[in-house]
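Please open the model in your viewer and keep the selection panel at hand, since the tour moves from the whole chain to one strand and its partners.

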Amino acid sequence: MKKLTLLMLFIMTTSLISRSQEPFGPVPTQSQLDWYDMERYAFVHFSINTFTDQEWGFGDESPQLFNPTRLDCRQWAKVCKEAGLKGIILTAKHHAGFCLWPSKYTDYSVKNSPWKNGKGDVVRELSEACKEYGLKMGIYLSPWDRNRADYGEPSYIEYFRNQLTELLTNYGDIFEVWFDGANGGDGYYGGQRGRRNIDRSKYYDWNNTIALVRKLQPNCIIWNEVGPDIRWCGNEQGSIGETNWARYDYSAHIPGEPDNATLRSGEIDAPNFVPAEVNVSIRPGWFYHKFEDLKVKSLYKLTNIYYNSVGRGSTWLLNFPIDCEGRINDIDAKAAIEFNNYLKSIYKENLAKDASERTVDNSMTVSFKKAVTFTQLILKEDIRKGQRIKGFEVEALINGDWKTIAKGTTISHKRILLLPETTASEVKIAFHTDASELIFPKVEIYNVPELKEPEDMESYDFDRAKWKIVSPDTVAASQILDGNKKTMLWLDKGFPVDIVIDMTENNSISGFRYLPDQGDYFLRGIITHYEFAVSMNGKEWTNVSSGEFSNISNNPLWQVVKFDKKIKTRFIRFRAIRNSKGWGDFGCAELDVLK
Ligand code: FUL
């Protein structure tokens, strides 16, 4: 009889286990699970742009400009290691087409630069440094190439794959490849100059490129805006949605034509397991600009990015712009290492460790030996058999009363909940799932002291209180001079739009800057093409600058334009020619000139 009960018990438990381990929806590959566990890793942006102060090179910049004086990939690796980052993804080729390795398929590379007399190979140096420091290495290879004459033709795709083959064959294991979706159209294109429009749904023939990566590096994760292995988070400010499904319908979206809203949340019913990666730079720009030395993100900002990326079921790809010497600038290194030390310090004592846990149906209760004070609760879902939790509520037993302290949706790899400071003797979490069986997540509880945001010390070179807006003649126009990034002038009457300002006195100016709409994610009215003119009397105008703001739609920051020399003027005119969406909307948060 006893034997029979034991046998029944055995059958019951094994069937329970196998039931709960049935896959629910799409499941991750081992490479995706390993990638998730990396949590934080680095991006480095380095190219000719570094030496020309550009975000996007045009493709005609001379390789002679590439000449770092103290390039040291071991310094990059050391900084990343100390900053707790688990790998480094290098811009082997950015949009301008310049290659950081001596590719045998082009002359537009380090082999024609003065650096190491053309004998250098940044990809090789980084792969060796990564090995030495126990870091993984990844490759960014821009599909858009503004240097190649045949960009837009089928032969370019062969060139692109040849380069990819070099990179995935000669430098050891590559954990991630990054195929940026940007394409601004115009470029040098082997001297033909002009615009090249491609059909993003067909031109790159991604399926065959994916097959090539799988063949050369079967464990490599492929980033493309919409998958196949991981997807973009839909912005470059450093956050993903609070609801973040690691599922996405890969074949229903086109890389290069991203749907920012679904990228942010993922898609609950989608057939593919495609978690999101949050990519953001430690400075405003991706490439190094001396004028951003004081704009390196604060501990407060980095911490919030961590909560809004890793803490919402994504990973975090943190960019360091390599400086002109060829190093991670000391200011950036210090900020990243300080942040990592801070992170270690706040997660030292898990208050749930000595507590007892019991589960009833789909809820779990954590009981402390005596009441504890906490501000964060961390949930970690076991997603090996699919992401199954779609919602949860957290209650705390405070002085004998149960009180709801948080509600949420998805969890996935990790979910950090920031709570009001709570002192409680028990915590109860109810989980919701559509799967036939729930797999309970791991729970950790911490008491993290509040971190204060440092004041935003925006400064202006001139006393803008004296300035008068001549046009447009609308009350809202004053918002572009109020120093408040959150207020803006919005017009929707088409282009061009002229902003004319009378500074009421003659000033010597060395440049101007434009801050686009800072609305969080669905930015419209972002100006990509402009002209800037000056005048002493507000009637006769001299054009001093015209051009394009690079990467402004993904990264809508202050756009700084410097003139060749200082110009004396009383009136200024900013003419907006075109916006990033091709619509008629104009948005401007601030307009300013530089001393
Ligand atoms: C963007 C690019 O256009 C930027 O230059 C940068 O490389 C960033 C990571 O992705 O879309």
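Two strands are taken to pair if DSSP finds at least two bridges between them, and this is the sense in which bridge partners are named below. The model is a predicted one.

Begin with the whole protein chain, coloured by secondary structure, where ten helices and 26 strands are assigned. Along its principal axes the C-alpha trace spans about 105 × 60 × 45 Å, and the radius of gyration of 27 Å agrees with the value near 25 Å that a compact globule of 595 residues would have. Buried residues make up 57% of the protein chain, and of the contacts with a separation of 6 or more, 76% are between residues 24 or more positions apart.

Next, select residues 527-535, which are strand E22. Is this strand largely enclosed or open to the outside? Eight of its nine residues are buried, so the rest of the structure largely encloses E22.

Keep E22 in view and add residues 542-548, strand E23, which runs antiparallel to E22 and is joined to it by six bridges. Show Phe-532 and Ser-545 of E23 together, as these two are bridge partners. Then go to the turn of the hairpin that E22 and E23 form, where six residues lie between the strands and Gly-538 has a positive phi of about 80°.

Finally, add residues 559-579, strand E24, which is also antiparallel to E22 and is joined to it by eight bridges. Here the pair to display is His-529 with its bridge partner in E24, Arg-578.

Notes:
Residues are numbered from 1 along each chain as its sequence is written. This is a predicted model: local features need pLDDT of at least 70, side-chain atom pairs count only at pLDDT 80 or more; totals for chains, interfaces and linings use all residues. Side-chain values use heavy atoms; hydrogens and water are left out. Helices (H or I, at least four residues) and strands (E, at least two) are DSSP runs, numbered from the N terminus. The radius of gyration is taken over C-alpha atoms; the globule rule is 2.2 Å times the number of residues to the power 0.38. Buried means under 20% relative accessible area, exposed over 50%, partly exposed in between (1.4 Å probe, protein chains only). Contact means heavy atoms within 4.5 Å.
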